[in-house]
Amino acid sequence: MTFKKAPKEEKPVTATSQELVPQDNDIFDPIEAPALAPGVFTDAPDLDASDIEWARLSLVQPQADILTDPESKIRAGTFLIKGDVEGSRKVTIVPLKMHLSRRYATGPFGSEVVHCQSNDAKTGVGDPGGDCKTCPMAQWIEDPDPKRAGKRLLRCSPSYHYIAYSVEANQLVAVSFSKTATSAAKDINGRVATFGLGKFMVELTATKGKGDGNYFVPVPRFPRPSPEVLDDARLSLPPST
């Protein structure tokens, strides 16, 4: 019986504080080596809005692609924070920042065509574009669909966006309300106007929408928060946000 001689073990190359030499089994690309040098790291990074993506809190709808995964434990009508493996029937948040946008789109759900949008809900970009406050698409009209006689229609939909503290997850999340969820947003906005952001708590559950019931809408409640929860919420927000 013969034995093959084991290959000689290569000693790792020692890196200086300003130079990091990649080894054959490194998980990063050699081009990134200078950026990963120990001397360039900091505990106070200079990040702006383009560097940050908040974990999104969403209400899972029956049409969601994630429901097609046979191994998924997520169910329609539950709230999901991006990255979670299971949804929750109830979530509690403390809204800390908010933003309003608008969008005019036509077509069925999932294949809508966007004609005009505004990131500040003041000036639209596209067709018709211009001042959102006076735009005819942002005005309520009678729905032309005979099946919806007596109903009113808003062609350019507002979206209400919040950065909020998730009590259960103990982290910041981004949550948006539009279309059938705008009623919940207006309830929340009433508390914003009354108490101010960061000074109240919202408990969200979901119920099936009216009509065919093939969608879920959020239902807000406003339990009294403890001072400790509000303190945790305010401390979770980075100073530069």
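1. In this predicted model, the buried residues of helix α2 pack against two strands, β3 (91–106) and β9 (156–166). The helix itself covers residues 227–236, and its buried residues are Val229, Leu230 and Ala233. When α2 is viewed down its axis, these buried residues fall within an arc of 95°, so they line one face of the helix. On the other side of α2, by contrast, Pro227, Glu228 and Leu235 are exposed. A student looking at the structure may find it helpful to locate the buried residues Val229, Leu230 and Ala233 and then to look for β3 and β9, against which they pack.

2. Helix α1 spans residues 182–195, and Thr182 belongs to it. Thr182 has a relative accessible area of 17%, and because the cut-off for a buried residue is under 20%, Thr182 counts as buried. If its neighbours within four places in sequence are set aside, Thr182 is in contact with Pro158, Tyr160 and Phe177.

3. On confidence, the chain has a mean pLDDT of 84, and 82% of its residues reach 70 or more. Among the elements of the chain, α1 has the highest mean pLDDT, at 96, whereas strand β8 (residues 152–154) has the lowest, at 84. Over residues 1–5 the pLDDT is below 50, and this stretch has zero contacts in the model beyond near neighbours in sequence. Where pLDDT is low, the predicted coordinates should not be read in detail.

Definitions and conventions: Residues are numbered from 1 along each chain as its sequence is written. This is a predicted model: local features need pLDDT of at least 70, side-chain atom pairs count only at pLDDT 80 or more; totals for chains, interfaces and linings use all residues. Side-chain values use heavy atoms; hydrogens and water are left out. Helices (H or I, at least four residues) and strands (E, at least two) are DSSP runs, numbered from the N terminus. Buried means under 20% relative accessible area, exposed over 50%, partly exposed in between (1.4 Å probe, protein chains only). Contact means heavy atoms within 4.5 Å. pLDDT is the predictor's confidence in each residue, from 0 to 100. The arc is that of the directions from the helix axis to the C-beta atoms.
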